[in-house]
Amino acid sequence: MNFESLSEKYKEIKLPSETSDGIFGNENRESSLMNTLLSQEAEAGKKYRRMYILYAIGAVAYFSVYIINPDTDLTPANRIAGICFILAFGILAVLSRKRFNEISRASYLDSQKQFLLNAQKSYSFWNKQQLWLIPVLLLVNTGATLSVIKHFHDSLLIPQIILFQLGFWCLMIFGYFMGKRVWTKRKKPTLQKIEAMLLEFEQ
């Protein structure tokens, strides 16, 4: 076999590889990632819509039980606890509704970059919008404390409140690290791909 024949044979063997991983490889991978993101964002939109409905129902339920309920057995502490839960559920409902609207308005066809920016927010472990979770946690903590305080002994009130606070915040810290562990395994790799694609838009 002469050199020209060998060269032509090499080109024939290499061409399919170049088609899948070469010139068009990046486009195929980006298209696959975009399709995956579109599917997952659609599922996220459904999830936030369900969360919005559940939180709204929760806020209305707590308002009915703790505010407009004329039951004389409800103490002022119970009613304040109810207000805390209503505010917490209200904030979560607004945040869920806002995120649902953002996902619904996102359009891959209109702007790939904007779509990726929205996806980046979804896949990030922390963003500015989540700062609202701080007052939510404080409200839930206050409401929970006022709900159980009537079961504490007067002589041990302060130590029991301290123990309750330690238990509550230890549970929150445990949930934080477990959530980050799940995020690192499931979402961080996709986030890194999204950020790499956004860098390409800047170049």
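A residue counts as partly exposed when its relative accessible area lies between the limits for buried, under 20%, and exposed, over 50%. The exercises below apply that scale, among other things, to a predicted model.

**Exercise 1. Classify the cysteines C84 and C170 as buried, partly exposed or exposed, and state how many disulfides are counted.**

Step 1. C170 has a relative accessibility of 49%, so it counts as partly exposed. Step 2. C84 has a relative accessible area of 8%, and because buried means under 20%, C84 is placed among the buried residues. Step 3. The count of disulfides in this model comes to zero.

**Exercise 2. Describe the overall build of the protein: which secondary structure elements does it have, and in what order do they run?**

Step 1. The protein has seven helices and zero strands, and from the N terminus on the order is therefore written α-α-α-α-α-α-α. Step 2. Of its 203 residues, 25% count as buried. Step 3. The protein exposes about 14,200 Å², and carbon and sulfur atoms supply 64% of that area. Step 4. Among the contacts with a separation of 6 or more, 74% are made by residues 24 or more positions apart.

**Exercise 3. Find the largest nonpolar core and say which helices supply at least two of its residues.**

Step 1. A general tendency is useful here: in soluble globular proteins, nonpolar side chains tend to be buried together. Step 2. The largest nonpolar core has twelve residues, namely L33, M34, L37, F115, L116, A119, Y123, W183, L191, I194, M197 and L198. Step 3. At least two residues of this core come from each of helix 2 (25–66), helix 4 (112–123) and helix 7 (188–202). Step 4. Separate from it is a second core of seven residues, including I91, L92, L95 and L139.

**Exercise 4. Place T190: in which helix does it lie, is it buried or exposed, and which residues does it contact beyond its neighbours within four places in sequence?**

Step 1. T190 belongs to helix 7. Step 2. Its relative accessible area is 17%, so T190 is buried. Step 3. Once the neighbours within four places in sequence are left aside, T190 is in contact with L33, L37 and Y123. Step 4. L33, L37 and Y123 also appear in the list of residues that make up the largest nonpolar core.

**Exercise 5. Identify which residues form a nonpolar patch on the surface, and check how accessible L133 is.**

Step 1. The patch is formed by W126, L131, L133, I134 and L138, which together have about 470 Å² of accessible area. Step 2. L133 is located in helix 5 (residues 133–148). Step 3. With a relative accessible area of 33%, L133 is partly exposed, and because residues of a patch need over 30% relative accessible area, the value for L133 meets that cut-off.

**Exercise 6. State how many salt bridges the model has, and work through the pair K46 and E43.**

Step 1. Side chains of opposite charge can pair when their charged atoms come close. Step 2. The count comes to four salt bridges. Step 3. In one of them K46 pairs with E43, with the closest N and O atoms 3.9 Å apart. Step 4. The two residues stand three residues apart in helix 2, and so K46 and E43 are separated by about one helical turn. Step 5. K46 is partly exposed at a relative accessible area of 47%, and E43, at 47% relative accessibility, also counts as partly exposed.

**Exercise 7. Trace the salt bridges of E102 in helix 3, and say which residues are joined into one network.**

Step 1. The side chains of E102 and K98 meet in a salt bridge of 2.7 Å, N to O; both residues lie in helix 3 (residues 76–105), four residues apart, which is about one turn of the helix. Step 2. On the accessibility scale K98 counts as partly exposed at 41%, whereas E102 is buried with a relative accessible area of 12%. Step 3. E102 also meets R99 in a salt bridge, at 2.8 Å from N to O, and R99 lies three residues from E102 in helix 3. Step 4. R99 counts as buried, at 4% relative accessibility. Step 5. Through salt bridges that share partners, K98, R99, E102 and K121 are joined into one network.

Key: Residues are numbered from 1 along each chain as its sequence is written. This is a predicted model: local features need pLDDT of at least 70, side-chain atom pairs count only at pLDDT 80 or more; totals for chains, interfaces and linings use all residues. Side-chain values use heavy atoms; hydrogens and water are left out. Buried means under 20% relative accessible area, exposed over 50%, partly exposed in between (1.4 Å probe, protein chains only). Contact means heavy atoms within 4.5 Å. Accessible areas come from the Shrake-Rupley method with a 1.4 Å probe; for residues, only the protein chains shown count as cover. A nonpolar core is a set of buried Ala, Val, Leu, Ile, Met, Phe, Trp, Tyr and Cys residues joined through side-chain atoms within 4.5 Å. Patches are made of residues with over 30% relative accessible area and no salt bridge: like charges are joined within 9 Å, nonpolar side chains (Val, Leu, Ile, Met, Phe, Trp, Tyr) within 5 Å. A disulfide is a pair of cysteine sulfur atoms within 2.5 Å.
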